[in-house]
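Biologist: Please take a close look at one part of this model for me, namely the pairing of charged side chains, and set it within the rest of the chain.

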Amino acid sequence: MIDDSVQAEATASPASGLLRRRPTLSSEALIMCVSLLFTLAYNLSFWHAAMPQPWSHWRLGVSLFVVVTALHCFLLGLVGNRWLLKPLLGVLLVVTALASHFMAVYGIYLDADMLRNVLHTDRAESMELVTPGLLLPLGLSVLPLVLLWRVRLKRRPWVRALGLRLAFLVAAAAVGTAGAMLAFQDLSALMRNHREVRYLVTPANYIVSLATVLSQSPPGPHDALLPIGTDARQTVPVAGSKPRLLVLVVGETDRAQSWGLSGYTRNTTPELSQVPGLLNFSQVQACGSSTEVSLPCMFSRYGRRDYDAAEIRSHQSVLHVLEHAGVQTLWRDNQSGCKGVCEGLQIEHLADATDAALCDGERCLDEILLKDLAQRLAPDGRDRVVVLHQLGNHGPSYFQRYPEDLRRFTPTCDQAELGNCERQAIVNTYDNALLYTDRFLARTIAWLDQRQDFDTAMIYVSDHGESLGENGLYLHGMPYAIAPQEQLHVPMVMWFSPAFAKAAQLDMPCLARRGREPASHDNLFSSVLGLMRVETAEYRRNDDLFAGCRTSP
């Protein structure tokens with residue numbers, strides 16, 4: 001008589017039989033299988049960038065296949081023991097599927113700076129990226145996860161397991177080296193001319209980048225910022241002048257190519273174009289292609305010219321130098337913070353305000369930055385510098401960055417999943433958001449112009465630009481060396497009340513001419529110090545945009 005369980009197994013479908021089977025593999029064999037899966041299924045962006053004509057460079061293709069697979073075998077072999085391996089690979093399968101999705105859809109590269117962006121993303125920003133489009137990569141992860149958890153791992157004595165793991169690591173390194181030698185000339189040319197492709201090798205890109213970020217900025221308490229400009233002092237004000245109020249507006253994701261004042265075919269700056277005496281700087285380069293890079297950089301004494309991320313993040317900013325000189329500073333934020341620029345100084349987070357007219361429970365329109373600002377600026381004889389950090393054109397949800405009455409360019413892309421919209425609809429939505437920045441800046445100037453207790457001025461500059469589909473790229477954050485001008489060329493405008501211009505001895509026609517010449521974020525540090533009459537050894541006259549345009553040096 002046949003046992004019921006045996007009979008049931010005999011009559012079961014092949015598929016159900018496969019699911020019931022639990023193969024037994026060594027840890028090293030499982031690492032090899034998953035590494036092959038990563039190379040073949042999760043690196044489409046890498047293969048597209050590295051092998052635009054695969055059949056004419058087959059030797060390079062074979063070399064890259066071997067090197068990438070061996071690299072993942074080696075990295076996973078370093079950390080994956082029998083107890084941690086399956087949970088670790090499960091996490092990597094899901095994260096890698098999501099990373100590959102964002103890389104393919106938006107054309108991003110996962111270098112250390114992009115990982116900083118990811119790690120410092122606030123809840124509202126991250127929720128905007130949770131779209132129905134994520135269901136596909138998550139769905140494709142289900143079968144590999146099921147198969148992973150069906151695998152049994154061989155048990156070995158720890159001495160034998162250690163010996164086999166060391167042999168596996170040596171073999172992975174040897175195979176990777178042999179793969180590189182197979183097409184060394186082509187491979188070295190690729191790495192020399194297109195070094196950025198290494199940030200497309202997934203998951204090695206985000207594993208290595210994450211390790212870099214954590215080594216540079218370990219979690220937990222950190223040392224206080226190193227002081228700079230402690231010798232700062234203000235010069236004696238011009239007789240009869242009032243205290244100075246400089247509002248420094250830091251824009252978000254506004255690109256010069258779409259800026260009406262700089263020659264864009266659409267008038268995206270209709271209100272600013274009507275402001276008397278407004279100065280437009282049309283050739284300004286950003287310090288980086290993301291907020292994590294540009295924001296600390298533009299306020300630092302180093303800039304892009306002497307760029308050193310560790311030095312920038314460990315030292316005080318120009319705001320601290322102003323405070324040393326007796327200038328009171330205030331940072332008002334409608335985004336994800338000041339990235340250390342205002343550490344230890346006055347800051348107000350307004351992104352989660354509850355104003356019914358300006359906020360929807362998740363985000364606030366940028367005019368929240370002006371609300372109740374007058375009450376914070378009661379004159380006390382000191383000069384003031386107020387930084388307004390915009391939400392601006394932060395993508396991909398451009399449609400949420402402006403009120404309905406500014407929906408002038410249609411059709412629009414009213415969703416965060418840009419892949420579901422025509423490119424022109426994306427551009428229209430982005431341009432509508434620029435119209436709101438135009439309105440916000442015009443109203444800031446009008447508010448300043450009404451102040452009778454300060455000599456007032458405004459400087460606006462965006463932190464970085466944005467790609468809107470050019471060359472298949474969207475959003476921002478490309479490595480600086482290969483970032484397109486759409487992500488680096490940013491708008492900058494300035495306005496000075498007549499009293500401020502007179503007291504600061506500014507030659508306005510000279511500044512108008514200066515606005516047609518190249519400038520960059522590197523100019524901000526010394527230009528602000530110069531405007532606020534601050535003398536310090538940190539000041540560089542050659543970087544001061546106003547130094548050559550003063551009626552009396």
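Modeller: Helices and strands are named here as DSSP runs, with at least four residues of H or I for a helix and at least two of E for a strand, numbered from the N terminus. In that sense Leu166 belongs to helix H10, which covers residues 158–182. Please keep in mind throughout that the model is predicted.

The chain as a whole is the setting for the charged pairs. It has 553 residues, of which 54% are buried, and its secondary structure comes to 20 helices and 14 strands. The C-alpha trace spans about 110 × 50 × 45 Å along its principal axes. Among contacts between residues at least 6 apart in sequence, 77% join residues at least 24 apart.

Now to the charged pairs themselves. Side chains of opposite charge can pair when their charged atoms come close. Across the whole structure, a search finds 25 salt bridges. One of them joins Glu470 to Arg255, with the closest N and O atoms 2.9 Å apart. This pair links distant parts of the chain, 215 residues apart, since Glu470 sits in the loop between strands E10 (467–468) and E11 (474–475), while Arg255 sits in the loop between strands E4 (244–251) and E5. Both Glu470 and Arg255 are buried.

A second salt bridge runs from Arg443 to Glu367, with 2.6 Å between the closest N and O atoms. Arg443 lies in helix H16 (residues 423–449) and Glu367 in the loop between strands E7 (347–349) and E8 (384–389), so this salt bridge ties together parts that are 76 residues apart in sequence. Here the two partners fall into separate classes of burial: Arg443 counts as partly exposed because its relative accessibility is 39%, whereas Glu367, at 17%, counts as buried because the cut-off for that class is under 20%.

A third salt bridge brings together Asp543 and Arg540, at 4.0 Å from N to O. Asp543 is buried, with a relative accessible area of 11%, and Arg540, at 33%, counts as partly exposed. These two residues do not stand alone, for salt bridges that share partners join them with Arg305 and Asp306 into one network.

Strand E5, which marks one end of the loop holding Arg255, also deserves a look for its own pairing. E5 (residues 279–285) pairs with strand E12 (residues 489–496) in the antiparallel sense, over five bridges, and Val284 has Val490 as its bridge partner in E12. E5 is also joined to strand E13 (residues 519–520), in this case running parallel and through two bridges, with Gln285 standing opposite Ser520.

Helix H10 offers a contrast in chemistry, and it brings us back to Leu166. Together with Trp158, Val159 and Leu162, Leu166 forms a nonpolar patch on the surface, with about 470 Å² of accessible area in total. H10 is also among the elements that cover the buried residues of helix H5 (residues 58–79), along with others including helices H3 (27–41) and H6 (85–106). The buried residues of H5 include Leu60, Leu64, His72 and Cys73. With 22 residues, H5 reaches 32 Å from its first C-alpha to its last, close to the 32 Å expected at 1.5 Å a residue.

Conventions:
Residues are numbered from 1 along each chain as its sequence is written. This is a predicted model: local features need pLDDT of at least 70, side-chain atom pairs count only at pLDDT 80 or more; totals for chains, interfaces and linings use all residues. Side-chain values use heavy atoms; hydrogens and water are left out. Patches are made of residues with over 30% relative accessible area and no salt bridge: like charges are joined within 9 Å, nonpolar side chains (Val, Leu, Ile, Met, Phe, Trp, Tyr) within 5 Å. Accessible areas come from the Shrake-Rupley method with a 1.4 Å probe; for residues, only the protein chains shown count as cover. A salt bridge is a side-chain nitrogen of Lys or Arg within 4 Å of a carboxyl oxygen of Asp or Glu. Two strands pair if DSSP finds at least two bridges between them. The expected span of a helix is 1.5 Å times one less than its number of residues. Buried means under 20% relative accessible area, exposed over 50%, partly exposed in between (1.4 Å probe, protein chains only). Contact means heavy atoms within 4.5 Å.
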